[in-house]
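Hi everyone, thanks for coming. Today I'd like to walk you through some aromatic rings and one helix. Let me put the sequence and the structure up first.

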Amino acid sequence: MRIGIIVAMDKELKQLQALFNDGSVRIEKCGIGKVNAALGAQRLINEFHPDCIISSGCAGGNGDDIQVQDIIVGSEVTYHDVYCGTAIDNTTVYGQVQGLPVRYQPDPMLLQKAQQLSIANSQLSIHTGLIVTGDWFVDSKEKMQSIVNLFPEARAVDMESCAIAQTCYINKVPFISFRVISDIPLRDTDASQYHNFWDTVAENSFHTTRAFVESL
């Protein structure tokens with residue numbers, strides 16, 4: 001099975017490269033944001049022809065039960081900063097690119113494997129839920145609250161997952177997103193949790209992705 005993994009940053013790339021040396025796994029650094037994510041996913045599909053793609057990286061968390069270093073597996077993903085209006089099609093909803101799904105669903109088999117991973121290892125704190133994507137680095141409570149007002153059920157906010165999901169949907173490639181929670185913006189006033197995450201706890205945070213790949 002050929003598995004593609006996409007990350008946004010050098011920090012994330014370094015963590016995952018240390019965990020994989022198998023030619024059946026290719027790790028692609030796409031860069032930050034939706035356009036970079038889509039370009040990186042298309043490049044990975046064109047060059048590597050993966051059987052599935054995993055979006056891996058960090059995200060801001062939302063919810064009273066979510067803690068830094070928890071893992072969010074996207075049971076669905078959408079955009080928090082896309083609005084196509086209703087002038088042409090009054091069925092399009094906030095977060096939806098007109099003519100495409102309202103929310104992108106992961107491959108059912110991949111989602112089932114992720115849920116089994118949580119059951120098999122009680123030490124892992126894995127949650128499934130909605131991941132929302134947009135071209136914002138959420139560094140204030142006000143920014144996060146504006147997103148949560150639109151998507152109160154969101155468990156994680158990132159800058160790449162939905163763009164990768166959209167690219168995979170168009171190319172008919174199975175997809176899933178794993179996000180390590182680096183900070184909880186509604187509990188943090190100056191992004192200090194995010195910076196502390198990379199300084200202190202990130203080293204062991206991507207082993208869940210490796211365990212998932214080994215389960216496939």
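Let's start with a question: is Phe212 buried or exposed? Keep in mind that this is a predicted model. Phe212 has a relative accessibility of 0%, so Phe212 counts as buried.

Now, who is the partner of Phe212? Phe212 forms an aromatic pair with Phe178, with 4.7 Å from centre to centre and 55° between the planes, and that pair is tilted. If you look along the chain, Phe178 belongs to strand 7, residues 175-183, while Phe212 belongs to helix 7, residues 207-215. The two are 34 residues apart, and their pair links distant parts of the chain. Phe178 is buried too, with a relative accessible area of 2%.

Let's step back to the rings in general. How many aromatic pairs are there? The count comes to four aromatic pairs. Take Tyr83 and Tyr94: their ring centres are 5.8 Å apart and their planes meet at 20°; planes under 30 degrees apart count as stacked, so this pair is stacked. Both tyrosines sit in the loop between strand 4 (71-79) and helix 3 (108-120), 11 residues apart.

How open are these two tyrosines? Tyr83 is exposed, at a relative accessible area of 53%. Tyr94 is partly exposed, at 34%. There is a third ring to add here: ring pairs link Tyr83, Tyr94 and Phe151 into a cluster.

Rings can also have a charge over them. Arg2 lies over the face of Phe48, at 4.2 Å from the ring centre. Over at Trp136, the charged end of Lys143 sits above the ring, 6.0 Å from its centre.

Last stop: helix 4. Which residues are buried in helix 4, residues 141-150? Met144, Ile147 and Val148 are buried there. Imagine looking down the axis of helix 4: the buried residues fall within an arc of 100°, so they line one face of the helix. Now turn to the face pointing away from that buried side, and you'll find the exposed residues Glu142 and Asn149.

And what covers the buried residues of helix 4? The cover includes strand 3 (52-61), strand 5 (126-133) and strand 6 (154-158).

That's my tour. Happy to take your questions!

How values were computed
Residues numbered from 1 in each chain as written. Predicted model: local features only at pLDDT ≥ 70, side-chain atom pairs only at ≥ 80, totals over all residues. Heavy atoms only, no water. Phe/Tyr/Trp six-rings, centres within 6.5 Å; stacked < 30°, edge-to-face > 60°. Helix = DSSP H or I, 4+ residues; strand = E, 2+ residues; numbered from the N terminus. Buried < 20%, exposed > 50% of the residue type's maximum accessible area, 1.4 Å probe, protein only. Lys NZ or Arg CZ within 6 Å of the ring centre and 35° of its normal. Arc of directions from axis to C-beta. Contact = heavy atoms within 4.5 Å.
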